[in-house]
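Student: I should like to understand how statements about a structure are justified. May we take them one at a time and set each against its definition?

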Amino acid sequence: MSRSAHPAGPRHADVLPEGHYSGPAADLNALDPKVWAQTVTRDADADGVVTVGGIDVKTLAERHGTPAYVLDEADFRERARAWRTAFGQDADVFYAGKAFLSRAVVRWLHEEGLNLDVCSGGELATALSAGMPADRIAFHGNNKSVSEITRAIEAGVGRIVLDSFQEIVRVAHIAQSLGKRQPVQIRITVGVEAHTHEFIATAHEDQKFGIPLAGGQAAEAVRRALQLDGLELIGIHSHIGSQIFDMSGFEVAAHRVVGLLKDIRDEHGVELPEIDLGGGLGIAYTSDDDPREPHEIAKALTEIVTRECDSAKLRTPRISVEPGRAIVGPTAFTLYEVGTIKPLDGLRTYVSVDGGMSDNIRTALYDAEYSVALVSRRSDAEPMLARVVGKHCESGDIVVKDAFLPGDLAPGDLIAVPATGAYCRSMASNYNHVLRPPVVAVKDGESRVIVRRETEEDLLRLDVG
Ligand code: LLP
């Protein structure tokens, strides 16, 4: 799903699909800063062990076991701050909790001045329990339950993003019965085909999210929302999809959202004060991906909205965005221990690790591409074409489909898959009763477990016989 081709390397090149192999061998000891968290370095000494946050991965593996998600706290904070700074005081950045949420993360976001997008009662509970002020929380989802809506309104969330005609009435009714007027946005689909995997594109009309702009449905939703006492309609929301590099989709979305704001002004005499352009900005999973910096994105989005509003003679609304992957994705890697190595003559070498599709479903689900490196030592052995697979009873249990690893790789070596901060722990499962790995935050030479490893007792506690 990332745009990456295969990494370069000389061995078994003939078995790669044509056009996917090029050039001389990449230095397998090099760690491309595009895909690795900021504090990741390889020790210059002969051993060449990789360190992150000032701790080497062998120490991390001894302390916390493998597999483990290792998250660079300084990098997370810096990326969060970069988004906040780029958008400035006249805009809001809502971190999308679905990418990865834990109480530590909520506290970091709070401290860095970001808001939070949640999309379930569980995410809401995590946010509130870690002290995120409710008015900085946006509540999303296409099928929020009555109890979730009630809890969100009682807590005083800053906005609920309405996703259907039924929900407009449902939220209005619940708010009114609680004696409240709930700030809401309406999520619309603007009819853009985002250039990303089908399962994570969300602005075309034929899918479950949002109310289509087409056929006047979004305008009708606005009409109804404006009539209901329990709702305070504060804006329009559009999220066009995920892992997007091309800004043109956002441009079309902004154009159409502002068009709707203009129609609302003309019909109702109301200028809605906010627009939310969602998240979806792509990150580098391999060296071939070229993501944009937050300041470039902020500049582009602000310019588009301002230009569109100027030409529609509207006051420019307050903009908000909801990056998830672009903040947390690059900040973590998954540390695995190599268990078995199986060379298949003329094909490739299967390298089995102690995790798999239960800690990273993205390769199986979206055909996502990842990079991988040997991190417990340096190696100058010949590259071998490898496929990194997990320990699950399923042949689709692939973590990295095609990658070059040193030919002297051996059981017990530690390898790491970078850019697994987003949608890996948050989409982890217990398939085959494999225990979900911990999330270990590292900073200034210290490591701290922020989500502990699951235990067999955890599994058995849920299984009540
Ligand atoms: N806002 C809304 C309304 C969303 O639905 C999403 C993602 C985001 C923001 C954050 O998008 P991001 O900046 O993280 O791309 N599991 C898939 C991604 C699903 C995204 C769902 N919604 C994956 O692993 O690629």
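Student: Why is the ligand said to lie between domain 1 and domain 2?

Tutor: Domain 1 (3–72 + 330–462) and domain 2 (140–323) each contribute residues to the shell around the ligand, so the ligand lies between them. The domain bounds come from an automatic or database domain assignment. Please note that this is a predicted model, in which local features need pLDDT of at least 70 and side-chain atom pairs count only at pLDDT 80 or more, while totals for chains, interfaces and linings use all residues. Residues are numbered from 1 along each chain as its sequence is written, and side-chain values use heavy atoms, with hydrogens and water left out.

Student: What makes a residue part of the surroundings of the ligand?

Tutor: One of its heavy atoms must lie within 4 Å of the molecule. The ligand is surrounded by 19 residues, and the closest are Ser242, Glu322, Arg362, Tyr366 and Tyr423. By class, the shell holds six nonpolar, seven polar and six charged residues. Here Ala, Val, Leu, Ile, Met, Phe, Trp, Tyr, Cys and Pro count as nonpolar, Asp, Glu, Lys and Arg as charged, and the others, Gly among them, as polar.

Student: What distance separates an oxygen atom of the ligand from the side chain of arginine 362?

Tutor: An N or O atom in that side chain is 2.6 Å from an oxygen atom of the ligand. The protein buries 91% of the 590 Å² that the ligand exposes when taken alone, with areas from the Shrake-Rupley method and a 1.4 Å probe.

Student: Why is threonine 334 called buried?

Tutor: Buried means under 20% relative accessible area, exposed over 50%, and partly exposed in between (1.4 Å probe, protein chains only). Threonine 334 has 0% relative accessibility, and therefore counts as buried. This residue belongs to strand S14.

Student: How do you know that the side chains of threonine 334 and threonine 420 make a polar contact?

Tutor: A polar contact is a pair of N or O atoms within 3.5 Å; within protein, one must be able to donate a hydrogen and the other to accept it, and residues adjacent in sequence count only if both atoms are side-chain atoms. The contact between these two side chains is at 2.8 Å.

Student: What makes S14 and S15 paired strands?

Tutor: Strands are DSSP runs (E, at least two residues), numbered from the N terminus, and two of them pair if DSSP finds at least two bridges between them. Six bridges join S14 (residues 332–344) to S15, and the two run antiparallel. Leucine 344 has arginine 348 of S15 as its bridge partner.

Terms used
Helix = DSSP H or I, 4+ residues; strand = E, 2+ residues; numbered from the N terminus.
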